[in-house]
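Visitor: Could you walk me through this model and explain the reasoning behind the words you use for it?
Guide: Gladly; let us look at it together.

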Amino acid sequence: VFLKKEGRTMGAVHGVYLKYVGLSAVSGLGFYLMDGSATLGERRLASDMRLVAAAGVLGYSCLLNGLIAVLFKLEKGMGLIGKDPKTGQIP
């Protein structure tokens with residue numbers, strides 16, 4: 001994909017979505033591994049809450065980055081970030 005603006009071109013950006021795929025995969029793996037099966041004795045409630053919070057953040061990151069990758073690949077959703085359809089500029 002090349003964008004021309006005032007005589008300048010933007011190089012190929014076809015692989016940019018792969019960073020979102022990677023982030024989604026790593027976050028998903030982290031979420032999957034934090035199922036709580038590996039316990040070492042009794043844990044305090046605060047520790048459990050930290051694990052729940054961390055798992056929630058990893059799950060959210062997995063879904064969000066996966067959605068961004070899909071939208072990027074489909075070339076949809078540019079209006080969500082305010083991108084001008086004619087010029088391609090982002091405010």
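**Reading the labels**

Guide: The protein chain contains 2 helices and 2 strands. Please keep in mind that this is a predicted model. Starting from the N terminus, the elements follow the order β-β-α-α.

Visitor: Why is Asn65 called buried?
Guide: Its relative accessible area is 10%. Buried means under 20%, so Asn65 earns the label. Asn65 sits in helix 2, which spans residues 45-74.

Visitor: How many residues of the chain, as a percentage, count as buried?
Guide: Of the 91 residues, 11% do.

Visitor: What makes the link from the side chain of Asn65 to the backbone oxygen of Ser61 a polar contact?
Guide: The side chain of Asn65 comes to 2.9 Å from that oxygen of Ser61. The cut-off for a pair of N or O atoms is 3.5 Å, with one able to donate a hydrogen and the other to accept it; the distance therefore falls within the limit.

Visitor: Which residues does Asn65 contact, beyond its neighbours within four places in sequence?
Guide: They are Tyr20, Leu23 and Ser24. Contact here means heavy atoms within 4.5 Å.

Visitor: Why is Phe31 called partly exposed?
Guide: Phe31 has 44% relative accessibility. Partly exposed lies between the buried limit of 20% and the exposed limit of 50%, so Phe31 belongs in that class. Phe31 is part of helix 1, residues 17-33.

Visitor: Where does the chain come back towards Phe31?
Guide: With neighbours within four places in sequence set aside, Phe31 touches Ala55, Leu58 and Gly59. The C-alpha atoms of Phe31 and Gly56 are 7.8 Å apart, although 25 residues separate them along the chain.

Visitor: And what about Leu67: why is it called partly exposed?
Guide: The relative accessible area of Leu67 is 46%. That value falls between 20% and 50%, so the label fits. Leu67 is located in helix 2, and its C-alpha lies 8.7 Å from that of Tyr20, a residue 47 positions away in sequence.

Visitor: Which residues form a nonpolar patch on the surface?
Guide: Leu29, Tyr32 and Leu33 do, with about 380 Å² of accessible area together. Leu29 belongs to helix 1. For the protein chain, the exposed area is about 7500 Å², and carbon and sulfur atoms supply 67% of it.

Visitor: How many of the contacts join residues at least 24 apart?
Guide: Among contacts between residues at least 6 apart in sequence, 52% do.

Methods: Residues numbered from 1 in each chain as written. Predicted model: local features only at pLDDT ≥ 70, side-chain atom pairs only at ≥ 80, totals over all residues. Heavy atoms only, no water. Helix = DSSP H or I, 4+ residues; strand = E, 2+ residues; numbered from the N terminus. Buried < 20%, exposed > 50% of the residue type's maximum accessible area, 1.4 Å probe, protein only. Patch = residues over 30% accessible without salt bridge, like charges linked within 9 Å, V, L, I, M, F, W, Y side chains within 5 Å. Areas by Shrake-Rupley, 256 points an atom, 1.4 Å probe, with all protein chains shown as cover. Salt bridge = Lys/Arg side-chain N within 4 Å of Asp/Glu carboxyl O.
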